[in-house]
Amino acid sequence: SIFFAISAYNTSLWVFAMFLFRNIADLNILIIPTKLLYIAGILIATYFLYFSYIFLGELLKERKKLFWLISILPFVSIILIIFSGSIIKDVIFISNEKIVRFGSLYLFYSILMFIYFAWAYINLLKKLKKSLSNFIEKRQLLYVISGTFVSVIFGLTYDIIVQYLGN
């Protein structure tokens, strides 16, 4: 699926941004990969949600309004990340450690991430329940769910919750 591939690409983008974040010492430049981390994060969640709708044959064009509805909040989030400090305010050094300071809308961003991933897994679990008689579909769904769930849980826990509580 193209949406799973785009989600995987955004995961690679996130890894690249994290590499830059860890290796850049100039605070003026560091804000760029920092913002890229959070842009990649919301794109991963969004495209994974799209994927959950089209996996195993459902066509998203039949749900055009839903597709656009799903797209609005991530688009707004990306605009806010790029052009304002309302989600990512800045990055500072404290005792040689890089600290991301979040803006007033970071909680909105975090909740959106949780909702999109939960929504995607609910879609996949519904498909799993419907596919009980089809061994191949059931197996594919189990692979997708189990293969992504652990990384999503760790990602949300350590990159969203712990980062927020650490500030």
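A residue is called buried when its relative accessible area is under 20%, exposed when it is over 50%, and partly exposed in between, using a 1.4 Å probe and protein chains only. With that convention stated, good morning, colleagues.

By that criterion, helix 2 is mostly covered, with 21 of its 28 residues buried. The model before you is predicted: local features need pLDDT of at least 70, side-chain atom pairs count only at pLDDT 80 or more, and totals for chains, interfaces and linings use all residues. Residues are numbered from 1 along each chain as its sequence is written, and side-chain values use heavy atoms, leaving out hydrogens and water.

Let me turn to the overall arrangement. The protein has 5 helices and 2 strands, where helices (H or I, at least four residues) and strands (E, at least two) are DSSP runs numbered from the N terminus. Along the sequence, their pattern is α-α-α-β-β-α-α. The C-alpha atoms fill a box of roughly 60 × 30 × 25 Å along the principal axes. Of the 167 residues, 40% count as buried.

I return to helix 2, which covers residues 27-54. What span should its 28 residues have at 1.5 Å a residue? The expected span, 1.5 Å times one less than the number of residues, is 40 Å, and the end C-alpha atoms are 41 Å apart, which agrees. At the start of this helix, a side-chain oxygen of Asp26 comes to within 2.9 Å of the backbone nitrogen of Asn28. Such a polar contact is a pair of N or O atoms within 3.5 Å; within protein, one must be able to donate a hydrogen and the other to accept it, and residues adjacent in sequence count only if both atoms are side-chain atoms.

Next, please consider Lys127, in helix 4 (residues 106-130). Is Lys127 buried or exposed? Lys127 is buried, because its relative accessible area is 15%. A polar atom of the Lys127 side chain lies 2.9 Å from the backbone oxygen of Tyr53. The backbone oxygen of Phe55 is 2.6 Å from a polar atom of that side chain.

Finally, Phe93 belongs to strand 1 (residues 88-94). Phe93 counts as partly exposed, because its relative accessibility is 35%. Leaving aside residues up to four places away in sequence, Phe93 touches Ala25, Leu27 and Lys98, a contact being heavy atoms within 4.5 Å. Phe93 and Leu27 are 66 residues apart along the chain, while their C-alpha atoms are separated by 8.3 Å.

Thank you for your attention.
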